[in-house]
Structure formats: structure tokens, C-alpha cells
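Hello,

Here is the structure you are taking over. My notes on it follow below.

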Amino acid sequence: MPADRPSKQPPAGDDRNLVVVDEDFANADAEDRLWLFWERNKGVIVRGTTAVVVGIIAYLAYFFWNESRREALGEEFTACQDEAARRAFASRHPGEALAAVALTDVADDLKKAGKFADAAKAYDEADRLAGQAGKTPAVRALGTRARLYAGLCRVEAGEAGADKAIAAVADDADAPETLRGFAMLTLAHLAVAKGDAAEASKWLNAMDKKLRAGHVWKSDKEMLVQSEPGLVAPPAPAK
């Protein structure tokens, strides 16, 4: 997997990270405004591999907590400090986005502890809960993140065919680009580890074709290509 990279802060006086609300979003609800903010600022909010994907869940958790902070639900969620409390919270509040966040927290902790099979199951449950919480872009991103990490955990656990779940995210045109690009890069790394340069090149080429030119994974992709000479396309013959 690609190595973590430190967060980078914009230079002083750089106002490119300010949110500019389009006229179409003037009357948008809170979650649509969140999505506009995320699309405009995701390259600054999160950087690196682990930082990007962990940053997504932290950002979404804060958003959903912030939306409910005036209600008892937000206080109840904040009070959950261990696995049992988070699981209980999720079971009490199906249909709430914070229920999916609570199970994702559980899954993340299990993954950190190296309990990959259990983590994968918890991510599956988080995905199911996200599906019950609505179809807003932010909730869909939460579900996509859970599916991606369930696949990653199953790869770590040595489960056969686990990379198919990662490929499903990579091929999902509706998935957030940050997650989709991470899935493609991960598949390229897995292929390199297996000595399959053709498969690795397939996913690296997909990054060029399906992601924006300045996507957040660009430097990681270039580092992988530079480290593996077999992935560098030979120069075209002179005519």
C-alpha cells in the first residue's frame, strides 16, 4: 500500500479553499451544501492514503454530529466511547446516518487491532446502515467507504476474491473520486505484489482516463510507476 504523506497547508493568503456557493445551491439543504464543500475542498481536507480515507470518516462524523448537535441524538452519539456503546447506539437508531458512523468507528478500531475478519463484517453492517439512512451524496460516500474498507480487510485476511469488492468501488462512476482513486491505486499495488505488471498497468491507466488530471492520488501513482520499471510504457518507435 502507498505510504502515508503529511498534510499540506495552503500558503498564507491562498484563498482557493474558500467555498463559493453556486446560484444553484443558494436554496440547497444542509447535506447538499456539505457535498458542494467536500467536492471543492477534498484535496485540502485530506491527503495521503490512510489520511484520505480516515479523513473522510472523521469529516462525515463531524458533519452528522454537527447537524444533530442541538438534539439528544448528537449527545448520545458523542457519549459512545467503546465498541459496545457504539453497537448499542447503532441498534437503537437504524435509519440515522450516525448509526452508520458508529459502526464504522467500530470497524476502524477492529481493523487497527488487526482483527480483519471482524472488521470486514462491521464495515458490511455500516454499509447496510448507510443504505437505510438515505441517498444524499454524503451518506452514499459513507456507504462506499465502508464497502471499500470491507474489501481491504478481506484482502488483509487472505480471503480469496476479496479484491473484487475493491474493483467494484474503482469501477463505480458515482463513487467519490477520492475513494475511487484509492481503490484503483490499491488494485495496482496488489497487482505489483503478485508480479502482474499488466494488471497493475490496467489500473494505473484507468486512473489517467477516469480521474481528473489533478486528482489527489497523482503523486502516489507516479511514485509507483517510477519504482517499477516494468510499468513504464516504452517510447514509441521513431518513424
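The largest nonpolar core holds 57 residues, and those touching the most other members are Phe89, Tyr123, Leu148, Met184, Trp203, Leu204 and Met207. Please keep in mind that this is a predicted model. In soluble globular proteins, nonpolar side chains tend to be buried together. Leaving aside neighbours within four places in sequence, Leu204 is in contact with Ala188, Lys221, Leu224, Val225 and Leu231.

Next, helix H9, which covers residues 177-193. With 17 residues at 1.5 Å a residue, H9 should span 24 Å, and its end C-alpha atoms are indeed 24 Å apart. Of those 17 residues 14 are buried, so H9 is largely enclosed by the rest of the structure. Just after H9 comes Gly195, with a positive phi of about 75°.

Then there is the pair formed by helix H6 (residues 116-132) and helix H7 (residues 137-156), whose axes come within 8 Å and cross at roughly 160°. Because angles over 145 degrees count as roughly antiparallel, H6 is roughly antiparallel to H7. The crossing is left-handed. Residues of H6 that meet H7 include Phe116, Tyr123, Asp124 and Ala126; on the H7 side, Val139, Gly143, Ala146 and Tyr149 are among them.

Last, a closer look at Ala126, which is found in H6. Ala126 has a relative accessible area of 2%, so it is buried. Outside its neighbours within four places in sequence, Ala126 is in contact with Ala100, Leu103, Thr104 and Ala146. Ala107 lies 19 residues from Ala126 in sequence, and the two are 8.2 Å apart in space, C-alpha to C-alpha.

Regards

Note on methods
Residues are numbered from 1 along each chain as its sequence is written. This is a predicted model: local features need pLDDT of at least 70, side-chain atom pairs count only at pLDDT 80 or more; totals for chains, interfaces and linings use all residues. Side-chain values use heavy atoms; hydrogens and water are left out. Helices (H or I, at least four residues) and strands (E, at least two) are DSSP runs, numbered from the N terminus. The expected span of a helix is 1.5 Å times one less than its number of residues. Buried means under 20% relative accessible area, exposed over 50%, partly exposed in between (1.4 Å probe, protein chains only). A nonpolar core is a set of buried Ala, Val, Leu, Ile, Met, Phe, Trp, Tyr and Cys residues joined through side-chain atoms within 4.5 Å. Contact means heavy atoms within 4.5 Å. Axes are lines fitted to C-alpha atoms, for helices over the stretch in contact, and angles run from 0 to 180 degrees between N-to-C directions. Angles under 35 degrees count as roughly parallel, over 145 as roughly antiparallel, 65 to 115 as roughly perpendicular and the rest as oblique. A crossing is left-handed if the near helix is turned anticlockwise from the far one by less than a right angle, and right-handed if clockwise.
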